[in-house]
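The following exercises concern the backbone, the helix packing and the ligand surroundings of one protein model. Please work through each task with the structure at hand before reading its solution.

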Amino acid sequence: MAAAAGAFSLREVLSAFQAAVTERREVLLGPYLRGWRGLVRFLNSLGAIFSFISKDAVAKIQIMESYCGGERQEEYRTLQSMVAYELASGLVDIQRRSEHPDSGCRTVLRLHRALRWLQLFLEGLRTAQEDSKTSTICTDSYNASLAAYHPWVIRKAATVAFCALPSRNAFLEIMNVGTPEEAVIMLGDALPHISSVYGITEELYAQHKLLNLP
Ligand code: 1PZ
């Protein structure tokens, strides 16, 4: 079990986000959700203290997977087709959650905001001094992104959990990419793809005024 958990590398997980962007700058939901599944697996390997975070992420991934495997799956091939379909069919609650509390649009928005945290966190990890604390990098990234959308209790619980993160070098090693130096190089290669997914999504959501969906 431990060997199986250790066998996967964050390199493959992050490359799913590369595979998610098409030549026409569409975001494919299949690879996008595969990337998220991998991130959750990695998060779970960090310990039970993070399970309240991974549970919420899994619930959201599952909602999206059921759309992607459901009756209207062709509408959920890309983020662009999903937004067009849900908006045209009146499937998105704009003011408050009521008729359609779990629209694809609002669910992806939560993952999208978390992707901003991931981008900041990995960039912080990549560029930090060797002796930096992962918990500090994580807290700073969180405060600069996701925290704005979370109530006090969640911010508190998250900040407490971050203290359980291992040192920067140990963290780079459990990513299973090789030495910390190799992990830093991999992050430099992978981050532009995450930024690209983030940027395309942000633009799409801004265009359709979806950035504040309840
Ligand atoms: C390596 C350390 C991991 C730190 C992860 C940083 C993110 C902390 C997020 C804590 C939130 C957990 C509880 C759930 C909150 C939900 O209320 C919100 C809003 O959803 P709604 O209530 O509107 O349905 N959910 C989110 O903001 C999505 C959070 C997903 C976090 C995924 C983290 C993936 C980590 C990968 C690690 C490499």
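**Exercise 1.** Determine whether R25 is buried or exposed, and state where R25 is placed.

*Solution.* The model is a predicted one. Step one is the location: R25 lies in the loop between α2 (10-19) and α3 (29-45). Step two is the count of neighbours: there are 12 other C-beta atoms within 10 Å of R25. Step three applies the cut-off, under which a residue with 12 or fewer such atoms is exposed; R25 is therefore exposed. A further point is the backbone: phi of R25 is near 55°, a positive value in a residue other than glycine. Most residues other than glycine have a negative phi.

**Exercise 2.** Classify N176 by its C-beta neighbours and describe its phi.

*Solution.* N176 belongs to the loop between α9 (168-174) and α10 (180-207). Its phi is near 65°, which is again positive in a residue other than glycine. Inside 10 Å, N176 has 18 C-beta neighbours, so N176 counts as partly exposed.

**Exercise 3.** Identify the buried residues of α2 and explain how they are arranged about the helix axis.

*Solution.* First, list the residues: L10, V13, L14, A16 and F17 are buried in α2. Next, look down the axis of α2: these buried residues fall within an arc of 135°, and therefore they line one face of the helix. Finally, ask what covers them: the cover includes α3 and α10.

**Exercise 4.** Describe how α5 (residues 79-88) and α6 are oriented towards each other, and name the residues that meet.

*Solution.* Begin with the axes, which come within 9 Å and cross at roughly 140°. Because of this angle, α5 is oblique to α6. Then examine the contact: L79, M82, V83 and E86 in α5 meet G104, C105 and V108 in α6. Sorted by class, the contact of α5 with α6 comprises five nonpolar residues, one polar and one charged.

**Exercise 5.** Characterise the shell around the ligand by its nearest residues, its helices and its residue classes.

*Solution.* There are 18 residues around the ligand, of which L39, L43, D56, A57 and A114 come nearest. As to helices, at least two residues of the shell are supplied by each of α3, α4 (51-68), α6 (104-127), α7 (134-143) and α8 (152-162). As to classes, the shell holds 15 nonpolar and three charged residues, with no polar ones.

Conventions: Residues are numbered from 1 along each chain as its sequence is written. This is a predicted model: local features need pLDDT of at least 70, side-chain atom pairs count only at pLDDT 80 or more; totals for chains, interfaces and linings use all residues. Helices (H or I, at least four residues) and strands (E, at least two) are DSSP runs, numbered from the N terminus. A residue is buried if 20 or more other C-beta atoms lie within 10 Å of its own, exposed if 12 or fewer, and partly exposed in between; C-beta atoms are placed from the backbone. A residue is near a molecule or strand if its C-beta atom, placed from the backbone, lies within 6 Å of it. Ala, Val, Leu, Ile, Met, Phe, Trp, Tyr, Cys and Pro count as nonpolar, Asp, Glu, Lys and Arg as charged, and the others, Gly among them, as polar. The arc is that of the directions from the helix axis to the C-beta atoms. Two residues are in contact if their C-beta atoms, placed from the backbone, lie within 7 Å. Axes are lines fitted to C-alpha atoms, for helices over the stretch in contact, and angles run from 0 to 180 degrees between N-to-C directions. Angles under 35 degrees count as roughly parallel, over 145 as roughly antiparallel, 65 to 115 as roughly perpendicular and the rest as oblique.
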